[in-house]
Amino acid sequence: MTDARDDAQRGIPYLVGAAFGFSLMSLLVKRAGRDLPVEMLVLARGVVTFVISAGLLRRHRLSPWGNDKKRLVLRGVLGTGGLACFFYAVTVLPLAEVTVIHYLNPVLTAVLAALLLREPIGLRLVTALVIAILGTVLVAQPPFLFGGASDLPLPGVLAALGGATFSAGAYVTVRRVTQTDHPLVVVFYFPLVAVPVLLPFALRAWIWPTPTGWLLLLGIGVVTQISQVLLTEGLARVPAGRGTAVGYVQIVFATLLGLLFFAEVPTATTIAGALLIVAATASLWVKAAPRS
């Protein structure tokens, strides 16, 4: 029991590093999205990840095909859907708002982990889910509840929610498949699925990038690859639902980057919603904390 708790603590720095990396990725995506279509951004992420992952697998002399192929492919499908939704949301929503909505996924992850992986479920998890949903409603401010028109475009909000749902499924799959396969193999299956799926869409929407555009595309791929490896390593050590909750520090990173680079000042309701969601997932982490 003590060893498991120590291992979980060692996983936290990986998850915090992943949160910062994904925030930096969001910044690059938002900048690149001014000139390039989302399809190209997601494809670039997949191509760079494919090259780096293949090199790392070769260096570590690991077979790229893995053991649990069905779940590895499922991880790739869910990851592709989640990333496409998230990238689109980043291009049309402020960084703070899209990050808050997207980070509903740790609570969704805890629910799916309880249902599919038989991780503990109880009143604490149900309460966290309700609070997190309330926080999401405060950020999105749907017109049928608040009246009038929301400042956030509905397609962007729906994309962020879709990304959160896909990501929750991907995280649970990662948690399960890291029991049978090396984290580098798990990461490799994302581009293995994403590149052939996204290539036709990217070619149809293709716009030839400027030199700055090429650098942004490369940066998106490299930063996201590093972040994904950190995330996978962290999730291999920390239970899925509570482990991803540590990533809520990404809300802080995204808010600061949005303010610094795009003069995006979060609204009071966004801050209130973020606090509710953070409180919800913090309660899940407290539950996992060792007792003295």
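Ala128 is found in helix 6, which spans residues 123–140. In this predicted model, Ala128 is buried, with a relative accessible area of 2%. Its C-alpha atom is separated by 7.0 Å from that of Val107, a residue 21 positions away along the chain.

Helix 6 also contains Leu123. With a relative accessibility of 69%, Leu123 counts as exposed, because the exposed class begins over 50%. Ala128, at 2%, falls in the buried class. The helix therefore holds a buried residue, Ala128, as well as an exposed one, Leu123.

Leu123 takes part in a nonpolar surface patch of about 460 Å², together with Val126, Val130, Leu134 and Leu276. Which helix gives the largest share of this patch? Helix 6 does, with 4 residues.

The report now turns to charged side chains. The model has 3 salt bridges, and they are set out below.

| Salt bridge | Closest N to O distance |
|---|---|
| Glu264 and Lys30 | 3.5 Å |
| Arg31 and Asp35 | 3.1 Å |
| Asp68 and Arg71 | 2.8 Å |

The side chains of Glu264 and Lys30 meet at 3.5 Å, N to O. Lys30 belongs to helix 1 (residues 2–32), while Glu264 sits in the loop between helix 12 (249–262) and helix 13 (268–288), so this salt bridge ties together parts that are 234 residues apart in sequence. Both Glu264 and Lys30 are buried.

Are the partners Arg31 and Asp35 buried or partly exposed? Arg31 is partly exposed, having a relative accessible area of 30%. Asp35 is likewise partly exposed, with a value of 47%. The salt bridge between these two side chains has an N to O distance of 3.1 Å.

In the remaining salt bridge, the closest N and O atoms of Asp68 and Arg71 are 2.8 Å apart. Here the two partners fall into separate accessibility classes: Asp68 is buried, with a relative accessible area of 17%, whereas Arg71, at 31%, counts as partly exposed. The buried class covers values under 20%, so Asp68 at 17% lies within it and Arg71 at 31% does not.

Taken by accessibility, the salt bridges comprise a pair with both partners buried, Glu264 and Lys30, a pair with both partners partly exposed, Arg31 and Asp35, and a pair that joins buried Asp68 to partly exposed Arg71.

Terms used
Residues are numbered from 1 along each chain as its sequence is written. This is a predicted model: local features need pLDDT of at least 70, side-chain atom pairs count only at pLDDT 80 or more; totals for chains, interfaces and linings use all residues. Side-chain values use heavy atoms; hydrogens and water are left out. A salt bridge is a side-chain nitrogen of Lys or Arg within 4 Å of a carboxyl oxygen of Asp or Glu. Helices (H or I, at least four residues) and strands (E, at least two) are DSSP runs, numbered from the N terminus. Buried means under 20% relative accessible area, exposed over 50%, partly exposed in between (1.4 Å probe, protein chains only). Patches are made of residues with over 30% relative accessible area and no salt bridge: like charges are joined within 9 Å, nonpolar side chains (Val, Leu, Ile, Met, Phe, Trp, Tyr) within 5 Å. Accessible areas come from the Shrake-Rupley method with a 1.4 Å probe; for residues, only the protein chains shown count as cover.
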